Amino acid sequence: MKGCITCSFRVLGCLGLVVLLVVGWLYRDRLGAAWRTLTGHPAEVTKAAPGAAALESARGKLNAVTRGRADSVVLTAAETASLVREGLTPAVRDRLDSLQVTLLDGGIRVGADVETGGVAHELLGPLAFFLSDRQRVQVAGPVRGTSPGHAAWTIERMEIHHIPIPTDAVNRFVSHALGRTDTRTVPLTLPAGVRAVHIRPSGTVLVGTRAR
């Protein structure tokens, strides 16, 4: 009897180890980021929502750089969020509520309440049945210029209702949203007269085409 009990505990222990290994593999990118946060000094981040005043201010700064009156301009988080929202198509914009943009070191994080519906069920499996069809979604990743007037936003992290999504599922979600296959890179069009964008927690720097 004692041998059977010991054997049972060993089996349970092995199953528990397998579960931990599977979870660790699926969320290896999240665990790595958490470890870097605990052992390092993560950069300060700035979060803001779009607004009418911020949009008007951002447009003024854009005019300055696109018309050659300034080599570069710095946008606040609110101004960046306002331009991000304005750059969305009306169909997409109408599906987003409570949009917020966080400036990171070299990238951005965008959060909004969106209709996830069947997409959430596809990504989360049975766990999605505990969620409503409208959830808070956050996506984050680096932004880099690819050519004058163009940039790319690579989605590296995603959360639905504070549930981190494994990297493989992020790829499927972004591909589905863009109507393309096997991609997690969102192409961005920079305003005419802007050749580069540099994002820091302190602000978004837009560099004009006339800057040297």
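Q: Let's start with two strands of this predicted model. How do you know that strand 2 and strand 11 pair?
A: Four bridges join strand 2 to strand 11, residues 203-208, and the two run antiparallel. Two strands count as paired when there are at least two bridges between them, so with four bridges strand 2 and strand 11 are a pair.

Q: What makes strand 2 and strand 10 the edge strands?
A: The open sheet has three strands in the order 2-11-10, with antiparallel pairing. Strand 2 (72-75) and strand 10 (194-200) each pair on one side only, and that makes them the edges. On average, neighbouring strands in this sheet are turned by 20° against each other, direction ignored.

Q: Which helices meet this sheet, helix 3 and which other one?
A: Helix 3, residues 52-66, lies across strand 2, strand 10 and strand 11, and runs at about 165° to strand 2. Helix 4, residues 77-87, packs on the sheet too, touching strand 2 and strand 11. The direction of helix 4 makes about 95° with that of strand 2.

Q: Now for a single residue. Why is Val 73 called buried?
A: Val 73 sits in strand 2. Its relative accessible area is 9%, and buried means under 20%, so Val 73 is buried.

Q: What is Val 73 in contact with, leaving aside its neighbours within four places in sequence?
A: Val 73 is in contact with Lys 61, Val 65, Thr 204, Val 205 and Leu 206. One of these, Leu 206, stands opposite Val 73 in strand 11. As for Val 205, its C-alpha atom is separated from that of Val 73 by 5.7 Å, although the two residues are 132 residues apart along the chain.

Q: Why is Ser 98 called partly exposed?
A: Ser 98 has a relative accessible area of 49%. Partly exposed covers the range between buried, under 20%, and exposed, over 50%, so 49% makes Ser 98 partly exposed.

Q: Where is Ser 98 found, and what is its phi?
A: Ser 98 belongs to strand 3, residues 97-103. Its phi is positive, about 55°, although Ser 98 is not a glycine.

Q: Finally, the whole protein: how many helices and strands are there, and what share of the residues is buried?
A: There are seven helices and 11 strands. Of the 212 residues, 35% are buried. The accessible surface comes to about 12,900 Å², and carbon and sulfur atoms account for 60% of that surface. Among contacts between residues at least 6 apart in sequence, 56% join residues at least 24 apart.

Definitions and conventions:
Residues are numbered from 1 along each chain as its sequence is written. This is a predicted model: local features need pLDDT of at least 70, side-chain atom pairs count only at pLDDT 80 or more; totals for chains, interfaces and linings use all residues. Side-chain values use heavy atoms; hydrogens and water are left out. Axes are lines fitted to C-alpha atoms, for helices over the stretch in contact, and angles run from 0 to 180 degrees between N-to-C directions. Contact means heavy atoms within 4.5 Å. Buried means under 20% relative accessible area, exposed over 50%, partly exposed in between (1.4 Å probe, protein chains only). Accessible areas come from the Shrake-Rupley method with a 1.4 Å probe; for residues, only the protein chains shown count as cover.
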